Amino acid sequence: MVKVLLFAQFQEAAGRESVEIDAAGHPISHVKSVLKENYGILELDDANVAVNEEYTNMSTELKDGDTVAFIPPVSGG
Amino acid sequence: MNNYFRITDEFISVEDVVNMVVRPESGAVNTFIGTVREFTKGKRTLYLHYDAYVPMAEKKLAQIGDEIQTKWPDARVAITHRIGELHISDIAVVIAVSTPHRADSYDASRYAIERIKEIVPIWKKEHWEDGESWIGDQLETKAYPTGKPEEEDLYG
């Protein structure tokens, strides 16, 4: 299983802070599709992604136990 | 032990952040203080809510510190960013940079705040008189044709 962390507008759209998805062996783009279809998170195209707290890209293949975060456009400062 | 790169849900003491970078080798300490603004393009903000991916945000703040160390080897940097509910004029972020001479302290401080707005996973939700919204990219110096930072922006 892969843990998927949701923040800001994604967390509000899904109504939860994280979900577990059976995505080991799949690229992150697979998780993106699941979030759109099953959790109603529609604005993922502008998001960046991180695996285990480092930025990566949608083609990265996931391993069991990975933590994926979908990062909406940031607005700190 | 000093925590040079920190996310906190409590009031930020400017002096505590500054004191982390003060040292005999420095002749300049530049402090940037980011505060909550009431009016943006005529719209009145009542309060803000900041959310963060805390462990990654602290890592990315430390990465900015490393980047500054590469560009200005004599600099020392400390950054604290607050999250949670903040009201008008509350301090959201404090950046302190010390360097032997003043010019580098200004340049490194400016670099730090611009990089925060590019790579640190922190999000601001504006609560206005007539609604609320999460705010996206706020960089004023660079446009993203694809709507997000390119890979070279993320990795420095």
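This talk walks through the two chains of a predicted model, from the sheet and helices of chain B to a part of chain A and the contact between the chains.

I begin with the sheet in chain B. Four strands form an open sheet in the order β1-β5-β7-β2, and their pairing is mixed. The edges are taken by β1, residues 5-8, and β2, residues 28-35; each has a single partner strand, so one side of each is left without a neighbour in the sheet. On average, and with direction ignored, neighbouring strands here are turned by 10 degrees against each other.

Please look next at the pair formed by β2(B) and β7(B). These two strands run antiparallel and are joined by 8 bridges. Within that pair, B:F32 stands opposite B:I95 of β7(B).

Helices accompany this sheet. Helix α3 of chain B, residues 102-119, packs on it and touches β2, β5 and β7 of chain B. The direction of α3(B) makes about 145 degrees with that of β7(B). Helix α1 of chain B, residues 14-21, lies across β2, β5 and β7 of that chain, and runs at about 25 degrees to β7(B).

I now turn to a pair of helices. Two packed helices are described by the angle between their axes and the distance between the axes. For α2(B), residues 54-71, and α3(B), the axes come within 10 Å and cross at roughly 145 degrees. The crossing of α2(B) and α3(B) is right-handed. Which residues of α2(B) meet α3(B)? They are B:K60, B:I64, B:E67 and B:I68, and their counterparts in α3(B) are B:A108, B:Y111, B:A112, B:R115, B:I116 and B:I119. Sorted by class, this contact between α2(B) and α3(B) holds 7 nonpolar, no polar and 3 charged residues.

One residue of that list deserves a second look, namely B:A112. Beyond its neighbours within four places in sequence, B:A112 is in contact with B:I64, B:I68, B:V77, B:I79, B:I95 and B:V97. In soluble globular proteins, nonpolar side chains tend to be buried together. In this model the largest nonpolar core has 52 residues, and B:V77 and B:A112 are those with the most contacts inside it. Strand β7 of chain B, residues 91-99, gives the most to this core, with 6 residues.

Let us move to chain A and its strand β5. Of the 5 residues of β5(A), 4 are buried, which leaves the strand mostly covered. Strand β1 of chain A, residues 2-5, runs parallel to β5(A) and is joined to it by 3 bridges; there, A:L5 has A:A69 as its bridge partner. Strand β3(A) pairs with β5(A) in the antiparallel sense over 4 bridges, and A:V49 is partnered with A:F70.

The loop between α2, residues 28-39, and β3 of chain A contains A:D46. Is A:D46 buried or partly exposed? With 14 other C-beta atoms within 10 Å, A:D46 is partly exposed. A:D46 and A:P73 are 27 residues apart in sequence, while their C-alpha atoms are 6.8 Å apart in space.

Finally, I come to the contact between the chains. Chain A gives 17 residues to it and chain B gives 25 residues. On the side of chain A that touches chain B, the elements giving two or more residues are α1 (8-14), β3 (48-51) and β5 (67-71) of chain A. That side of chain A divides into 10 nonpolar, 5 polar and 2 charged residues.

Note on methods:
Residues are numbered from 1 along each chain as its sequence is written. Chains are lettered from A and ligands numbered from 1 in the order in which they are written. This is a predicted model: local features need pLDDT of at least 70, side-chain atom pairs count only at pLDDT 80 or more; totals for chains, interfaces and linings use all residues. Two residues are in contact if their C-beta atoms, placed from the backbone, lie within 7 Å. Ala, Val, Leu, Ile, Met, Phe, Trp, Tyr, Cys and Pro count as nonpolar, Asp, Glu, Lys and Arg as charged, and the others, Gly among them, as polar. A nonpolar core is a set of buried Ala, Val, Leu, Ile, Met, Phe, Trp, Tyr and Cys residues joined through C-beta atoms within 7 Å. A residue is buried if 20 or more other C-beta atoms lie within 10 Å of its own, exposed if 12 or fewer, and partly exposed in between; C-beta atoms are placed from the backbone. Two strands pair if DSSP finds at least two bridges between them. Axes are lines fitted to C-alpha atoms, for helices over the stretch in contact, and angles run from 0 to 180 degrees between N-to-C directions. A crossing is left-handed if the near helix is turned anticlockwise from the far one by less than a right angle, and right-handed if clockwise.
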